[in-house]
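Student: I should like to understand how the terms used for a protein model are justified by its computed values. May we go through some of them in turn?

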Amino acid sequence: MFLLQRFRPHFFTVQNTALTVLVIGGGVAGLAAAGAAKSMGAIVRGFDTRPAALEQFKSFGAEPLEVDVTESGEGVGGYAKEMSKEFIEAEMELFAKQCKDVDIVISTALIPGKKAPVLISRQMVESMRDGSVVVDLAAEAGGNIETTKPGELHVHKGVTHIGYTDLPSRMASQSSSLYSNNVLKLLKAISPDKEYFHFQPTDQFDYGTLDHVIRGTVVMQDGRNLFPSPLPKTTPPAAPAKQKTVAELEAEKKAEMSPFRRTMTSAGVYTAGVSTVLGLGIISPNAAFTQMVTTFGLAGIVGYHTVWGVTPALHSPLMSVTNAISGLTAVGGLVLMGGGLTPSSLPESLALLAAFVSSINIAGGFLITQRMLDMFKRPTDPPEYNYLYAIPGVVFVGGYGASLASGYSIEQMMYLGSGLCCVGALAGLSAQGTSRLGNALGMIGVAGGIAATLGALKPSTELLTQMSLAMATGGVLGLTIAKRIEISDLPQLVAAFHSLVGLAAVLTCIAEFMIEYPHLDVHPAANMVKTVAYLGTYIGGVTFTGSLVAYGKLQGVLDSAPLLLPGRHMLNASLLAASVGGMVPFMLSDGYATGLGCLLAVSGLSGVMGVTLTAAIGGADMPVVITVLNSYSGWALCAEGFLLDNNLMTIVGALIGSSGAILSYIMCVAMNRSLPNVILGGYGTTSTLGGKPMEIVGTHTEVNVEQTIEMIKEANSIIITPGWGLCAAKAQYPIADMVKMLKEQGKTVRFGIHPVAGRMPGQLNVLLAEAGVPYDVVLEMDEINEDFPETDLTLVIGANDTVNSAAQEDPNSIIAGMPVLEVWKSKQVIVMKRTLGVGYAAVDNPIFYKPNTSMLLGDAKKTCDSLQAKIREAYY
């Protein structure tokens, strides 16, 4: 107020009516300003988020302003805490209304170590009357008023802005007066007599008492040196025990497990494994079943070790290629097809439909895989001649045709070769350099398997025409879908293709039962056939409807939020019990109607269960859902292999099943959650202690695009950590162009990708590759986490839970122990989000309020476009 008087000497007296002053912030500076303005005859209004500060405004005779949202702003140490989104919106609406009515705005929200939050926008300033004044006491930290120019006195649209950052030196007399007043108050507090100053220091005192203050203040008395002061009799109160971090608690938990217990647990697992092998040997109906189990076990082990070698950046192509390979459910349909140009019975019609939908998977899966892999090509990569892989394909299929014409029956060796090619398809995705070979091997394997099936069946010309038309039609449809699909829609495409595998499995199992029923009474392994048919129908039903629900959530047809039905766990348990119970009459009855009724019933029950399970899972858990459904499709294919005594289907099914299981495990580890926790629609990590989560206090700092550009200019090393928000906004293109420009300026720019960022494994890697970002600057979380402390600036784009420091700092958080990108360790962090809202886990993010973090709020696409344009303007 003294400063206002200096620049406007008669500001408070020349007008007929008193001026209106709005003071934002009820701290020391705000209350002092309110008192001074009131003493000069102004009408004063004060705002603060804390009820106690509003009471102090009232005691000065100021009008306390409040919003309609009831919420306390009291934080730790008397400071205000961050308020809810609803409160902030109401607060800004209040400021906008007040700016139109007041003459002077004084803002005091200065936070040590952080940029000042912007409280008064440009639009609010421009709505003020000409001749109004704004005083920004937070100018030294960027200012609370958007139009402030730190260190300057200027006029914007008729409103005078006082933004000096050296106010103490400009008000020497007032500063001296305030300081001397504080010293006087101290001396009066020391002296028991307020009129005659005296004191009596003592050498015996307790910590924190007035005697402690007096004795520590006195240096000499009556010519006697009293310095230094003796220690107090009591010790200072112990500091509150520091809460252990999640890592420390995990280390303690591991240390508690003795080596004996650890070894015993491992021994128990292996004992269960070998016991299972013995049990399967005892119940084995014949040597063919034993051989099939052997094939299944070896294929599972090979798949396990192969999939672990796939680089995370290629997890999306891996999912796509396994989708294509799972189309070998077509083999089951082909085996059961019959009639002439058209099916002659219901089972043959079901088999025709199974072959048709499987061929959609095959053609579409391989084409979308090829599209993704082509995106990873860099301009500096050497030329490729992938068409040469047609040579081994022609030799494999053509050689089989020649041997068949010569009278040789080598179908089992063809199945072996096809299975090995499918293993090679997965192994090829272990590195970028061999990924296209992997896709080619997958095509060769599927083509060889279908050719061997046709060769073994030796269908008539009419039946072969029916088979060819069914698969050709499905293949054309699959190619059309894969060609038109946007890469950002890849997760829903994968989910839709999974549903086709499940549907094909259900159709094949029911058709096989209908065809084999007349022979079951003489079949040497009738019980095995019925068991596998029942299990295959159940797995296929869950896969079919679960995949459709996942598709609906990802496509936006269904609400992505979890549908938490009351008693859903009891409902799922009842569905499972009914499905298991239905197997009893199916196995014991010899009647056709009973058997078919049980299969239809379990297909319905499993279909409902697929809906209830998947509907209870939120959109952010889709990476796990997609991989689990991928695994289900593999086990459904395995069931078909056992049912039809087909080695190829068993091998490929085991590969896909183990692949999906491993990816599910990787996703769950990345969230520090168990698979049942995800599938049953829950939340909370395995490290959560269950206590009250820590309270987050403080105020966030907002920046605009111009301030962000300045921070980018000053940074030499930059890491970008994108999340689902980048995918949803399709902002990868402006980001890619921005990165290109920054690298041309000599800056080091890299990306850090969390395993569960996006809606399926590796989705962000593919999106960035689509936009032209070289894959060698896109690093995984484990590769880049140790580099954050040496990074000048980290840009968080549309990510929340995957960068939440509560995972490491708060053992009571429901995301405790979840591996996260440690962005807060960077020197500066800018978080680009639409709002300050929580992520899928509904956990507040402490990094928003850390001293080195600034928030750039707004639509991700618009913000990224603005950054791209500003960088181009700055450098070109």
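The dialogue below takes up several descriptions of this predicted model and sets each against its criterion.

Student: Why is Leu388 called partly exposed?

Tutor: The relative accessibility of Leu388 is 42%. Partly exposed covers the range between the 20% limit for buried and the 50% limit for exposed, so Leu388 belongs in that class. Leu388 is placed in the loop between helix 14 (346–375) and helix 15 (390–405).

Student: What makes Leu388 part of a nonpolar patch on the surface?

Tutor: A patch residue needs over 30% relative accessible area, and Leu388 has 42%. Nonpolar side chains are then joined within 5 Å. The resulting patch consists of Tyr385, Tyr387, Leu388, Ile391 and Val395, with about 560 Å² of accessible area together.

Student: How do you know that Glu63 and Arg45 form a salt bridge?

Tutor: Their closest N and O atoms are 3.6 Å apart, and the criterion is within 4 Å, so the pair qualifies. The bridge links distant parts of the chain, from Glu63 in strand 3 (residues 63–65) to Arg45 in strand 2 (residues 43–47), 18 residues apart.

Student: Is each partner of this pair buried or partly exposed?

Tutor: Arg45 has a relative accessible area of 14%; buried means under 20%, so Arg45 is buried. Glu63, at 40%, is partly exposed.

Student: What makes Arg378 and Asp381 a salt bridge?

Tutor: The closest N and O atoms of Arg378 and Asp381 are 3.0 Å apart, which is within 4 Å and therefore meets the criterion. Arg378, at 23%, and Asp381, at 24%, are both partly exposed. Elsewhere, Asp374, Lys377, Glu384 and Arg436 are joined into one network by salt bridges that share partners. One of the pairs in the model is Asp374 with Lys377, at 3.7 Å.

Student: Why is Glu512 said to have no salt bridge?

Tutor: Lys530, the nearest side chain of opposite charge, is 13 Å away, whereas a salt bridge must lie within 4 Å. Glu512 is nevertheless buried. Apart from neighbours within four places in sequence, Glu512 is in contact with Leu336, Leu643 and Leu644.

Student: Glu512 is found in helix 19 (residues 490–516). How do you know that the length of helix 19 agrees with expectation?

Tutor: At 1.5 Å a residue, its 27 residues should span 39 Å, and the end C-alpha atoms are 39 Å apart, so the two values agree.

Student: What makes helix 19 mostly covered?

Tutor: Of the 27 residues in helix 19, 23 are buried.

Technical notes:
Residues are numbered from 1 along each chain as its sequence is written. This is a predicted model: local features need pLDDT of at least 70, side-chain atom pairs count only at pLDDT 80 or more; totals for chains, interfaces and linings use all residues. Side-chain values use heavy atoms; hydrogens and water are left out. Helices (H or I, at least four residues) and strands (E, at least two) are DSSP runs, numbered from the N terminus. Buried means under 20% relative accessible area, exposed over 50%, partly exposed in between (1.4 Å probe, protein chains only). Lys and Arg count as positive and Asp and Glu as negative; His and the chain ends are not counted. Contact means heavy atoms within 4.5 Å. Patches are made of residues with over 30% relative accessible area and no salt bridge: like charges are joined within 9 Å, nonpolar side chains (Val, Leu, Ile, Met, Phe, Trp, Tyr) within 5 Å. Accessible areas come from the Shrake-Rupley method with a 1.4 Å probe; for residues, only the protein chains shown count as cover. The expected span of a helix is 1.5 Å times one less than its number of residues.
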